[in-house]
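Please look through the model below, moving from the chain as a whole to individual helices and then to single side chains.

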Amino acid sequence: PPTLQVKNKAPAEVQITAEQLLREAKERELELLPPPPQQKITDVEELNDYKLRKRKTFEDNIRKNRTVISNWIKYAQWEESLKEIQRARSIYERALDVDYRNVTLWLKYAEMEMKNRQVNHARNIWDRAITTLPRVNQFWYKYTYMEEMLGNVAGSRQVFERWMEWQPEEQAWHSYINFELRYKEVDRARTIYERYILFTLLVIVHPDVKNWIKYARFEEKHSYFAHARKVYERAVEFFGEEHMDEHLYVAFAKFEENQKEFERVRVIYKYALDRIPKQEAQNLFKNYTIFEKKFGDRRGIEDIIVSKRRFQYEEEVKANPHNYDAWFDYLRLVESDTDAETVREVYERAIANVPPIQEKRHWKRYIYLWINYALYEELEAKAKRTRQVYQACVELIPHKKFTFAKIWLLYAQFEIRQKNLPLARRALGTSIGKCPKNKLFKGYIELELQLREFDRCRKLYEKFLEFAPENCTSWIKFAELETILGDIDRARAIYELAIGQPRLDMPEVLWKSYIDFEIEQEEYEKTRNLYRRLLQRTQHVKVWISFAQFELSAGREESLSRCRQIYEEANKAMRNCEEKEERVMLLESWRNFEEEFGTDTTKERIDKLMPEKIKKRRKLQAEDGSDAGWEEYYDYIFPEDTANQPNLKLLAMAKLWKKQQQESEAAEMDPDKDIDESES
């Protein structure tokens with residue numbers, strides 16, 4: 001079709017919004033329509049005419065859509081209201097032909113028959129309903145309730161029996177049991193419970209703990225305590241250890257508690273706690289604790305707390321046997337509250353979990369299990385077992401890859417406490433032979449020093465220095481030992497051997513110790529020679545300062561001149577040093593010396609040697625070579641450096657130019673001041 005063209009596109013004078021349209025529509029809905037006029041039926045002919053019209057309307061609605069069950073129900077209820085039961089029955093039957101699975105239809109049909117006291121018809125309908133739809137529990141409940149209301153107990157029981165054949169849900173069985181209990185048929189109720197439990201055992205329809213508990217409580221409620229106990233025992237046997245549930249044991253224990261069988265209660269709780277995982281037994285622990293608080297003593301309460309923690313640790317070590325921290329906590333617990341055999345058993349279980357990888361970092365925590373085991377045996381048990389523990393431990397450690405000096409030293413200290421010195425020496429000697437370590441040598445030497453076996457100490461030091469010639473501390477200790485023993489020549493020879501080693505870990509400490517040794521012996525010439533030899537190896541500023549302070553402290557007449565001479569030599573030697581901060585440190589030390597002991601001439605001279613501190617900038621580069629900006633740093637310019645003289649001159653000229661610029665700017669800013677100055 002041709003599209004219409006809007007000629008006038010200008011906005012209308014009166015604008016109508018969407019809100020206004022909605023509001024007007026709502027207002028029109030609220031307008032009350034007049035009710036239809038009431039029709040009064042005065043004779044039979046009008047009544048028949050009314051019925052004919054209504055039936056025609058209902059039939060038309062059904063004909064339009066047969067599947068709408070509500071139309072059928074309205075039609076049948078209208079016929080029922082006119083007491084046309086036969087017609088209503090016919091309508092329900094026609095509706096069932098359309099949809100026999102509709103639950104509401106069956107319920108309305110049966111209710112109509114019951115309402116009109118058509119009992120046999122109602123029974124017929126319920127029978128058809130439970131036969132057609134046996135899984136609809138509502139039919140069964142309504143049917144049994146109707147028979148019970150009619151006083152037909154046998155008929156109701158028969159319906160329940162038919163229902164149980166379909167293996168219904170749990171509530172159906174309990175409804176049957178409650179039905180028998182309402183008529184005081186306890187034996188029948190027990191039989192139903194037995195059938196129910198046996199049915200669950202065979203068919204595994206409802207293998208749930210609560211069903212057993214309900215059965216037992218039923219027996220307990222009717223004072224059949226032996227039967228109740230037997231039910232609980234059967235339930236424990238049925239579920240076994242694979243499917244244990246704390247609720248069953250809590251209920252069993254509470255039953256025994258009500259019967260004043262406290263020992264049985266304790267046994268039940270302990271049996272369950274030993275077998276149920278901790279995370280599933282929180283309620284069990286709680287009830288056990290409450291029981292012990294009510295009927296137990298202090299020891300019993302402590303036992304349950306300990307058992308709870310012990311159970312927790314057992315679960316942890318079972319989940320991860322190499323969790324050594326859990327073993328430590330577990331052992332600390334059992335040591336405080338159990339006998340020696342139990343503690344020993346837990347220790348044996350713990351040390352059996354050897355780390356799977358032969359790396360020292362994996363063994364560091366494990367080895368403390370052995371140490372704690374040995375200390376426990378020594379403190380609580382016998383020394384013989386302690387020796388066996390130490391020997392087993394040192395045999396287990398792979399000494400070719402790594403060792404633990406702590407184990408060897410503890411073993412030796414144990415033997416010394418047992419006054420068995422040969423075994424202690426043998427253990428330490430074996431450790432040095434198998435796996436020499438600095439700590440082992442130091443421990444062995446310390447032992448022999450305490451025993452005043454100095455010849456053994458000398459031999460051990462010799463072995464130690466053969467093993468680790470770079471260890472400066474060992475050289476120093478060896479020399480100090482000889483000094484204490486009064487053998488100065490041996491001590492000096494040891495120092496000479498030490499400084500002659502090609503590789504040392506702390507050479508500065510060794511040289512300082514040698515120099516202090518010569519100073520203590522008042523061998524000043526040898527000390528000077530040592531300083532000269534050291535300066536041939538290193539030109540470090542601290543060596544020069546120490547040399548100068550030594551000359552100053554020598555206490556002779558020429559000490560000041562010698563000290564000044566050392567500073568002169570150091571300053572000349574450090575002119576080419578790249579580290580200007582070290583040279584500044586030397587000059588500051590020299591200036592402090594001159595301020596205390598020098599003359600005006602020497603003070604003026606050292607002031608002229610002091611550098612000038614200036615600020616500079618340098619360009620930075622990132623790791624990838626890109627420009628990272630600029631940074632400021634401080635540099636030192638020494639007057640003695642001839643290479644820097646042009647720079648100093650240029651810097652002085654720049655400062656003078658800047659000063660002149662500032663003066664000229666000040667003169668331009670204040671011309672009146674210049675006139676006043678000229679007049680004056």
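**From a buried glutamate to the whole chain**

With a relative accessibility of 0%, Glu180 counts as buried. This residue of the predicted model belongs to helix α9, which runs over residues 170-182. Leaving out residues up to four places away in sequence, Glu180 touches Arg157, Glu185, Arg188, Ala189 and Ile192. One of these partners, Arg157, lies 23 residues from Glu180 along the chain, and the C-alpha atoms of the two are separated by 8.5 Å.

Seen as a whole, the protein chain contains 35 helices and 2 strands. Of its 680 residues, 37% are buried, and the accessible surface comes to about 42,800 Å², with 50% of that area belonging to carbon and sulfur atoms. Among contacts with a separation of 6 or more, 47% are between residues 24 or more positions apart.

The largest nonpolar core has 94 residues, and those with the most contacts inside it are Trp327, Ile367, Leu369, Ile407, Leu510 and Leu586. Leu369, when its neighbours within four places in sequence are set aside, is in contact with Tyr324, Trp327, Phe328, Leu331, Tyr347, Ala350 and Ile351. A second core, separate from this one, has 76 residues and includes Trp163, Phe252, Ala281 and Tyr288.

Helix α27 shows how burial can be arranged around a helix axis. This helix covers residues 488-499, and its 12 residues reach 17 Å from the first C-alpha to the last, close to the 16 Å expected at 1.5 Å a residue. Its buried residues are Ala491, Arg492, Ile494, Tyr495, Ala498 and Ile499. Because these residues cover an arc of only 155° around the axis, they are on the same side of α27. Asp489 and Leu497, on the other side of α27, are exposed. The cover over the buried residues of α27 includes α26 (472-484), α28 (507-520) and α29 (524-537).

Two further residues repay inspection. Thr144, in helix α7 (residues 137-149), counts as buried at 4% relative accessibility, and beyond the residues up to four places away in sequence it touches Ser156, Val159 and Phe160. Arg425, in helix α23 (residues 421-434), counts as buried because its relative accessibility is 16%, which is under the cut-off of 20%. Not counting residues up to four places away in sequence, Arg425 touches Tyr444, Glu448, Leu451, Glu453 and Arg456, while its C-alpha atom is separated by 9.1 Å from that of Glu415, 10 residues away along the chain.

The structure holds 25 salt bridges. In one of them, the closest N and O atoms of Arg55 and Glu79 are 2.9 Å apart; this pair links distant parts of the chain, since Arg55 is in helix α2 (residues 44-64) and Glu79 in helix α3 (residues 69-81), 24 residues apart. Both Arg55 and Glu79 are buried. Glu113 and Arg89 form another salt bridge, with their closest N and O atoms 2.7 Å apart. Glu113 lies in helix α5 (residues 103-115) and Arg89 in helix α4 (residues 85-98), so this pair ties together parts that are 24 residues apart in sequence. Glu113 counts as buried at 0% relative accessibility, and Arg89 is buried with a relative accessible area of 11%.

A salt bridge also joins the side chains of Glu359 and Arg361 (3.1 Å, N to O); here Glu359 counts as partly exposed at 34% relative accessibility, and Arg361 as exposed at 60%. Elsewhere, Arg229, Glu233, Glu256 and Arg264 are joined into one network by salt bridges that share partners.

Technical notes: Residues numbered from 1 in each chain as written. Predicted model: local features only at pLDDT ≥ 70, side-chain atom pairs only at ≥ 80, totals over all residues. Heavy atoms only, no water. Core = buried A, V, L, I, M, F, W, Y, C linked by side-chain atoms within 4.5 Å. Buried < 20%, exposed > 50% of the residue type's maximum accessible area, 1.4 Å probe, protein only. Contact = heavy atoms within 4.5 Å. Helix = DSSP H or I, 4+ residues; strand = E, 2+ residues; numbered from the N terminus. Areas by Shrake-Rupley, 256 points an atom, 1.4 Å probe, with all protein chains shown as cover. Expected span 1.5 Å × (residues − 1). Arc of directions from axis to C-beta. Salt bridge = Lys/Arg side-chain N within 4 Å of Asp/Glu carboxyl O.
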